[in-house]
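Colleague: Mind if I quiz you on the labels you've put on this one? I'd like to hear the reasoning behind each.

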Amino acid sequence: MTKNLNVIAAYTIMMGLIILVGIFQSWNIALSIFNLCLISAVMTMGANIQWGYAGLINFGIMGYTALGGLAAVLISVDPVQEAWSAGGSNILLSLLLIVGMVLGVRYVLKKYEKSKVRTYIIATIIIAGIIIIRFVSEPGIEAIEEVDPAKTGFLGGLGLPIIFSWIVGALFAGGLAFVIGKVALGLRADYLAIATLLISEIVIAIIKHEDWLTRGVKNVIGLKRPAPYEVNLQQTDWFINLVEKFNSSKLNLITDLTERQAALNQFVIEGSSIFVKLCYSGLFLIVVIILLILTQKALYSPWGRMMRAIRDNEEAANAMGKNVVKQHLLIFVLGSAIVGIAGAMLVTQDGLFTPGSYRPMRYTFLIWVMVIVGGSGNNFGAILGGFVVWFLWIESAPIGLYLVNLTTTGLADTHFLKVHLIESVPYFRFLMMGIGLLLIMRYRPKGILPEKIEIK
Amino acid sequence: MDYINAIVLLLNYIFVPALAYGSQLALGAIFVTLIYGILRFANFATGDMMSFGTMVTILFTWYFQSLGISLGILPTALIAIPFAIIFMVGYMLLIDKFVFKYYRVSKSPPVQLAMVSIGVMFVTQAVVRIIIGPSDRRFFDGEKFLIKAGEFKEMTGLNEGLAVKSTQVITIVVTLILVSTLFWFLNKTKTGKSMRAYSDNEDLALLSGIDPKKIVMITWIIAGVLATIGGALYGLDKSFKPFTYFNNMLPIFAAAIVGGIGNPFGAFLGGYVIAFSEILLTYAYKKFFMYLLPESLEPNTLVQLLSTDYKFAVSFSILVIVLLYRPSGIFKGKML
């Protein structure tokens, strides 16, 4: 118990901060911060598995997040029948061609010895394949994008409950990670970082511009929800009764009936959005707890010990007969799959998919700051990092505003410096993140909650 | 005549823009490669350091403009650049003293330094946005075109015009001067040679009495010069926006690695490789074929290999291919 004291203390402080936001700002803000903290925590757990357990740098987090989001769209949106009949066959044919192309390349790779001729054959297959696929898919894509472009213009999805996308998102991200891992894992640490960063940009470029699949920058809005809608809740009797009971002390102070009804309506509207957010919190919390149990079990299992051995000394682990390449690939896929879940969760919560919003600053580097600040190699640390950093990321604007007002009290409100500083308050979050990261790396390189492995 | 038209078309839309863009990338790539070769880490703050240098240039430009100083047909920014360089070198040395030095002295692994550079990236980005804001800024003044498309048409009587922006010429000329001075410095002077020795084998270099502090300082100074000039030229040619500069880091990295990281000459050529392939693969060749082919064979599509949306994706794909087949780059990296 005592040895976990710092963990408990850190989490208590964090929860206390969120509750303070609830009291001083509003419970709505507090809950939305809390929900995004939970999603960030899932992402950091994914990154932590790769970096903390195995020492692999993955700067492609943004790509997996976006793929998870794409999964949410492809699972939950109803299929667009017209688009399918307009160009579905072309798309399916192109998919078959891609599979054929990959199989062809694999066949050549297996069948022939490494030589110049083989390289040329492979290049020919790929180039010819791309040309044929473009030829086949182009009319289909055009036809699909012409189907009611203001509303659909894409193939739609499967029309299943969006919750399933959390699993499918993991599969998508894991699949991509498998391909990337096969290609890039042999590279040195910093090359791997750059390669994954660039590959994730390619993924985003594809998601942004392949309108037939994702609607691209036109965004997909109004996704199905796993939680009830506020409007429906506000008309449900049990919910109104619940709110009435909850706020009875305040309501009883009001004697006038019409005023009381108006106040109750206000409470119901506020309560409904809080209730919906609580539903999400519950769902996210379940995911976080399941993942935490699994990752903790993995960390203390023989497999976890092997991963640390590989991380700390690759050659020695290799000499002991551990297959380093295979384990690296495995952990790369697992970590990315977890990030994929987070991506799907994020889109589920927002109810919309906006490919334009995926930027490396927010979805790759910020997650890395979370892992480093929280404590790499320690799951509780990584989750705490997600909470702390996201909390600061959101609350840095009010804090920055307060600081600006404090330091410029002597100046008039119209002074150009003060106006300029107040305008640039949103950018103080970058400053805070940067300075926070530098300080942590300098003075507490293992993070707030360092990795703690007992050797028995 | 049609052949000449076709060639002018390619010159106008591919060759000249790619040469200018390639020069801007090349300067950034040499910056990355120098840091990598001597300080031994991948600097993720590259794009933002360049944007910092450009910001200082813009501030000086505004100051000179307010004083009424101008270079006539040349942009005022050219006088501002030397002052910005001094400022930028100071900033670089400051960062090195307070941030990177600690990890260098304690011999941290390169990965840790790369992480630290992410911290620097955040801070620099914040500083730039707080000082000058995130919006698009143009700071070009003076004569915009060296050759105007219309004038060219009149002069030659061709159907196709060739427009050459003065910023493109400035970019190419300045890059050539800067890069040749740098190569002369690295190859002929004693300090340059000791830098190469340090990059090649640190221990051996230290044994032969090379002062590491001096090497590091000179590296940061050169880096500051490259970052400011590269950034300012890009800003003059296009426009200055902090977010674009951050994104430019990616093709710059691609150029440095394609050329063989640690090898400045490779990085220099890598910049052009990336720029030309980006533009060649995303250009619509319809008009070009219209000039060359008889009417019956004229293409009815755009004849575009990839849509321009995938401009960045091209350079990244090249990078991935190079990493797979020749991880040390086209020109064998790590030799400076």
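Modeller: Sure. Let's start with contact: two residues are in contact if their C-beta atoms, placed from the backbone, lie within 7 Å. And keep in mind that this is a predicted model.

Colleague: Then what makes A:V369 a residue in contact with A:V389?

Modeller: Contact takes C-beta atoms within 7 Å, and A:V369 has that with A:V389, A:M433 and A:L437, leaving aside its neighbours within four places in sequence. A:V369 and A:L437 are also among the residues with the most contacts inside the largest nonpolar core, which has 213 residues. Others in that group include A:V42, A:I338 and B:I257. Helix α1 (residues 2–39) of chain B gives the most to this core, with 17 residues.

Colleague: Which residues belong to another core?

Modeller: Another core, of eight residues, lies apart from the largest one, and A:V80, A:I144, A:V147 and A:L155 are among its members. Because a core is joined through C-beta atoms within 7 Å, the two count separately.

Colleague: A:I144 sits in α5(A), right? What makes the buried residues of α5(A) count as buried?

Modeller: Buried calls for 20 or more other C-beta atoms within 10 Å. A:S137, A:G140, A:I141, A:I144 and A:E145 are the buried residues of α5(A), so each of them meets that cut-off. They pack against α4 (81–111) and α8 (211–214) of chain A.

Colleague: How do you know that the reach of helix α5 of chain A is close to what is expected?

Modeller: The helix covers residues 116–146, 31 in number, and at 1.5 Å a residue 45 Å is expected; from first C-alpha to last it reaches 44 Å.

Colleague: And where is the kink in α5(A)?

Modeller: At A:S137, shortly before the proline A:P139, and it comes to about 35°. That value is the angle between axes fitted to the seven residues ending there and the seven starting there, so it describes the bend at A:S137. After α5(A) comes A:D148, with a positive phi near 45°.

Colleague: What about the two chains: what makes the side of chain B that touches chain A mainly nonpolar or mainly charged?

Modeller: The split is 28 nonpolar, five polar and two charged, so nonpolar it is. In total, 35 residues of chain B are in contact with 31 residues of chain A. The biggest giver on the chain B side is α4(B), with 14 residues.

Conventions: Residues are numbered from 1 along each chain as its sequence is written. Chains are lettered from A and ligands numbered from 1 in the order in which they are written. This is a predicted model: local features need pLDDT of at least 70, side-chain atom pairs count only at pLDDT 80 or more; totals for chains, interfaces and linings use all residues. Helices (H or I, at least four residues) and strands (E, at least two) are DSSP runs, numbered from the N terminus. The expected span of a helix is 1.5 Å times one less than its number of residues. A residue is buried if 20 or more other C-beta atoms lie within 10 Å of its own, exposed if 12 or fewer, and partly exposed in between; C-beta atoms are placed from the backbone.
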